[in-house]
Amino acid sequence: MGLLETINSPADLKKLPRSRLPDLAREIRERIVEVVSKTGGHLASNLGVVELTIAIHYVFDIPTDKLVWDVGHQSYTHKLLTGRADRFSTLRQFGGLSGFPKISESLCDAFSTGHSSTSISAGLGISCAKRLKNDDSRVIAVIGDGSMTAGLAYEALNQAGAIHKELIVILNDNEMSISPNVGALSSLLSRTFSGKFIQDKRKEFGELLRSLPKIGSDAYYLAKRAEESIKAFVTPGMLFEAFNFEYFGPIKGHRIDQLIDILENIKNLDEPVLLHVATTKGRGYGPAESNPVYFHGVGCFDAETGGRVNCSDLPAYTDIFGQTMVRLAEKDKNIIAVTAAMPEGTGLGPFSEKFPDRFYDVGIAEAHGVTFAAGMATEGYKPVVAIYSTFLQRAYDQIIHDVCLESLPVVFAVDRGGIVGEDGPTHHGLFDLSYLRAIANMVVMAPMDEHEFQRMLVTAVNHPGPVAVRYPRGKVTGENPEKAEKNDQPLAIGKAEVLCSGDDILILAIGHSVTDAVKARQMLADKGFSATVVNARFVKPLDTELIGSLIQKIPRVITVEENMLDGGFGSAVLEAMADTGIAGFRITRIGIKDTFVTHGAKSVLRKHYEVDADAVFRAAEAMCRDLA
């Protein structure tokens, strides 16, 4: 029996002698690679924190002590150590374990996460709540160096330092971006300075200096500056000291003994503490170490070689976006690309290489990125802001206040619109049609296929105001190659398209749901019913004239969208008909009801939440049979 099989809780982990922990780390890495190769998931980041996670659970009393993972895409070891090893093979599968921390999944998950830079804020809130309850257990927030590019993290550091509440922040620096001084001296000093004896003597000496007549304050200030100068010479921690955090590090993140020693030292300090740990993404698995970007979020792969399996040759919508951006930028020098720490994820890698002076990665700072783009737009440029739908939610005020208020020509390339699959509720893009169409001056459109997508991008960069183009995750259809000859032709703003005509029922669809509508039409035809299918193209402005005229002829209507029903495309149709006085029709809206969609394969989720072609067919057939 392996060591991992003996651990059903953090209490079991504490029974192991330190000498066996490296063996446990090796088993955990093997298990993570084995499972993720079959389920897909975040591999490199999880392999990088195995020793750190073991050390945290070895020292602290989870779940009495609270552990908050930033983003949470590095919590697989945490799940394996907290009673979920027997279900780990269900990772990211429908009905199985989430790929992120989830309060409802385990008492050991102190906070549900999926978006970055929330850990320090949440951890501080938990810490303050504990103090109000006279609970002296500890709170640990683990945050990556990438997440430290977001303003939210610094807002939390600022408050924590100001109110001086006990909080342990562990900065997992896996890019070596801010830790050039990792080495024996900084590690030794951090472990020495963090020891209880040194900390007690440091406080006693400070109080002694302050008590000296006349010169006490000056003497204490000079001693403090001397200490800070020594730390600054061997560590990069002065930024955190400025926030009134006691800084330790950087230390190597794959030495379990050293990690346990320093965590034991700092766990009882009664002040905010930041421990800086340097780790290696993909640690222990060669393919992930050599290519951590690809193995950050990966699909199924061959565990032996790291090679892809079951891959389609068709490009993804993200690839089409990147290719189209390069083509458009070659013709128009005013086109600028902006993304928030996702150049590869949004397909802008080729653009950044070809036009480095016109590409801006603002870090994990979506709100800043939107306002930054607005500033560029005031100077005559055409910024295209590529951000996943779920992350664009974080910049809502900036879209309204900084872009749409003055109708600035900023294009929002809203990637991952709709159900995205195994990453689950924190990553599904199911609110964008609703939250974008509510904003004045905004044009919102969604393509039915890759050809229309390219035409929409052409339309967007030539529109004089704000535009959002919403497109799905996944491969393109590869159908209708003859349509490619129109890829560079813009669309008329607010004009829908009738794809096929029939008298029994009217199906109005938006985005890739149009494909489901067309499939449902054929299924209806097999039952003897005929349908008109409309590719709406635009949620705002809606083609009220066309839709209204069709509804008056065919008063049996189905609307189809992969978005929340509240405020979405179907709502837009109802509002438009009410405003124009058209009544006397029946309508069924197909979309996501008032719930958060769980994780699982896209096809499984679309069937479960009844937004696929079968659901369209069933709703339409029921309405047609009532007609008969």
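**Briefing: fold, cores and two buried residues**

Of the 628 residues in the protein, 57% are buried. The model is a predicted one, and its secondary structure consists of 25 helices and 17 strands. The points below cover the overall architecture, the nonpolar cores, and the surroundings of Thr318 and Phe355.

**Overall architecture**

- Among contacts with a separation of 6 or more, 77% join residues that are 24 or more positions apart.
- The protein has an accessible surface of about 25,600 Å², and carbon and sulfur atoms account for 53% of that surface.

**Nonpolar cores**

- In soluble globular proteins, nonpolar side chains tend to be buried together.
- The largest nonpolar core in this model comprises 55 residues, and Leu24, Leu43, Ile54 and Ile170 are those with the most contacts inside it.
- Helix H2, which spans residues 21–39, is the element that gives the most to this core, contributing 8 residues.
- Another core, of 50 residues, lies apart from the largest one; its members include Val370, Ala395, Val414 and Leu508.
- Leaving aside residues up to four places away in sequence, Ile54 touches Leu13, Leu21, Leu24, Ala25, Ile28, Leu81 and Ile256.

**Thr318 in helix H14**

- Thr318 belongs to helix H14, which covers residues 317–331.
- Thr318 counts as buried because its relative accessibility is 9%, and the cut-off for a buried residue is under 20%.
- The side chain of Thr318 makes a polar contact with the side chain of Asp415, at 2.9 Å.
- Beyond residues up to four places away in sequence, Thr318 touches Gly345, Thr346, Gly347, Asp415 and Arg416. Asp415 is thus named both among these neighbours and as the polar partner of Thr318.

**Phe355 between helix H15 and strand S7**

- Phe355 is located in the loop that runs between helix H15 (349–354) and strand S7 (359–361).
- Although Phe355 is a loop residue, its relative accessibility of 11% means that it counts as buried.
- With residues up to four places away in sequence excluded, Phe355 touches Val326, Ala329 and Glu330.
- Glu330 lies 25 residues from Phe355 along the chain, and the C-alpha atoms of the two residues are separated by 9.0 Å.
- The residues that Phe355 touches, Val326, Ala329 and Glu330, fall within the 317–331 range of helix H14, the helix in which Thr318 is found.

How values were computed
Residues numbered from 1 in each chain as written. Predicted model: local features only at pLDDT ≥ 70, side-chain atom pairs only at ≥ 80, totals over all residues. Heavy atoms only, no water. Helix = DSSP H or I, 4+ residues; strand = E, 2+ residues; numbered from the N terminus. Buried < 20%, exposed > 50% of the residue type's maximum accessible area, 1.4 Å probe, protein only. Contact = heavy atoms within 4.5 Å. Areas by Shrake-Rupley, 256 points an atom, 1.4 Å probe, with all protein chains shown as cover. Core = buried A, V, L, I, M, F, W, Y, C linked by side-chain atoms within 4.5 Å. Polar contact = N/O pair within 3.5 Å; in protein donor to acceptor, adjacent residues only side chain to side chain.
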